[in-house]
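Biologist: Could you take me on a close look at one part of this model, the nonpolar core and the pieces that build it? I would enjoy a connected tour rather than a list.

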Amino acid sequence: MIKILVTGSNGQLGTEIHELSTYYPQFDFIYTDVDTLDITNSKELERFVDGHPVQYIVNCAAFTAVDKAESEKHMANLLNYTAVKYLAELSKKKNIRLIHISSDYVYSGESCTPYSEDHPTNPSSVYGQTKLNGDKEVLKSGTGLILRTSWLYSPYGNNFVKTMLKLGHERKEINVVFDQVGTPTYAHDLANVILKIIDSFEEKNSNFVPGVFHFSNEGVCSWYDFAWEIMKMSSLRCKVNPIETKDFPTPVKRPSFSVLNKNKIKSTFGFGIPYWKDSLKDCMKRLGYETK
């Protein structure tokens, strides 16, 4: 039986993988988080893998607090770079296939066309730089597949959808930026793709394909559009006002454009990708809303 180690399993993506795992009885999953495995400790990591031999590692662990990373550089670097370096080195040493989750923040966010995997990287934040440094370690190992994604949300944890719903219940109106454009990613869909990728390698007994791939849902929207759709689907009577980024200052400059080109993952694996509004509707139903 194929054994898969999932790190950061208590987060949005790890939780979704856990839920979908019932559809993959041919896989044996080992779920870990900071309380059960310290991936920033190379010796502990190797001891764990020696005691639990696995064929795949899916790394969902990350320091994702973009603003906080500016003041907590050490912790961001430890999780997004050092831990990834250890995972990549261990994967190469033990011949393990590593699937690592990365971010649109490795790009400048100033493009006017969707980012392809070979687009030059140029992060403008500590978070983005630490994620890029981790990516480089995975690529150097030659045993890793990197999935770069954007605007992740789910029924679990902290995310934009749940924040908007909370504010929608508390306020009569909110302000949301309209000049930052990208694509939401439903963690359920990303988890599904990860498991399908592993299944495709095992079912076809094909060679593992290392490198960078992009995944988000289909379509494009602004944060304002996203918020507006959330209020509409939830039937909350909270007015959403469009504002410019300059009117909502944050410690880190947000990408004005973070649309990812997904042709590579679709052509390589033959996946269809759901439209962002359809995925949002599914998430809203799971959160208990009768969507319109």
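Modeller: Happy to. In the largest nonpolar core, which has 31 residues, the members touching the most other members are I17, L147, I194, I197 and I265. Bear in mind that this is a predicted model. Two or more residues of this core come from each of β1 (2-7), α1 (12-20), β2 (27-31), β3 (56-59), β4, β5, α7 (187-204) and α9 (263-269). The most is given by α7, with eight residues. Take I197 as a way in: leaving aside its neighbours within four places in sequence, I197 is in contact with I99, L145, L147, I265, F269 and F271. Another core lies apart from this one; it has 27 residues, among them Y153, L165, V176 and Y186. As a general background, nonpolar side chains in soluble globular proteins tend to be buried together.

Two of the contacts of I197, L145 and L147, lead us to β5, where both belong to one side of the strand. That side consists of L145, L147 and T149, while G144, I146 and R148 make up the other, and all of these residues are buried. Side chains in a regular strand alternate between the two faces of the sheet. Here both faces are covered, and six of the six residues of β5 are buried.

Now for the strands that pair with β5. With β4, the pairing is parallel and runs over six bridges; H100 stands opposite I146 in β5. With β10 (residues 211-214), β5 is joined by four bridges, again in parallel, and L145 stands opposite G211.

Between β4 and β5 comes the helix α5, and the three make a right-handed β-α-β unit. Helix α5 covers residues 126-141, and its 16 residues should span 22 Å because each step adds 1.5 Å; the end C-alpha atoms are 23 Å apart, which agrees. Its buried residues are V126, Y127, G128, T130, K131, L132, G134, D135, E137, V138 and S141. An α-helix has 3.6 residues a turn, so residues three or four places apart point the same way. What do the buried residues of α5 pack against? Their partners are α3 (68-71), α4 (73-94), β4 (97-103) and β5 (144-149). After α5 comes G142, which has a positive phi, near 75°.

That brings us back to β5, which packs against buried residues of α5 and also gives two or more residues to the largest core.

How values were computed: Residues are numbered from 1 along each chain as its sequence is written. This is a predicted model: local features need pLDDT of at least 70, side-chain atom pairs count only at pLDDT 80 or more; totals for chains, interfaces and linings use all residues. Side-chain values use heavy atoms; hydrogens and water are left out. The expected span of a helix is 1.5 Å times one less than its number of residues. Buried means under 20% relative accessible area, exposed over 50%, partly exposed in between (1.4 Å probe, protein chains only). Contact means heavy atoms within 4.5 Å. Two strands pair if DSSP finds at least two bridges between them. A crossover is right-handed if, with the strands pointing away from the viewer, the path from the first strand over the helix to the second runs clockwise. A nonpolar core is a set of buried Ala, Val, Leu, Ile, Met, Phe, Trp, Tyr and Cys residues joined through side-chain atoms within 4.5 Å.
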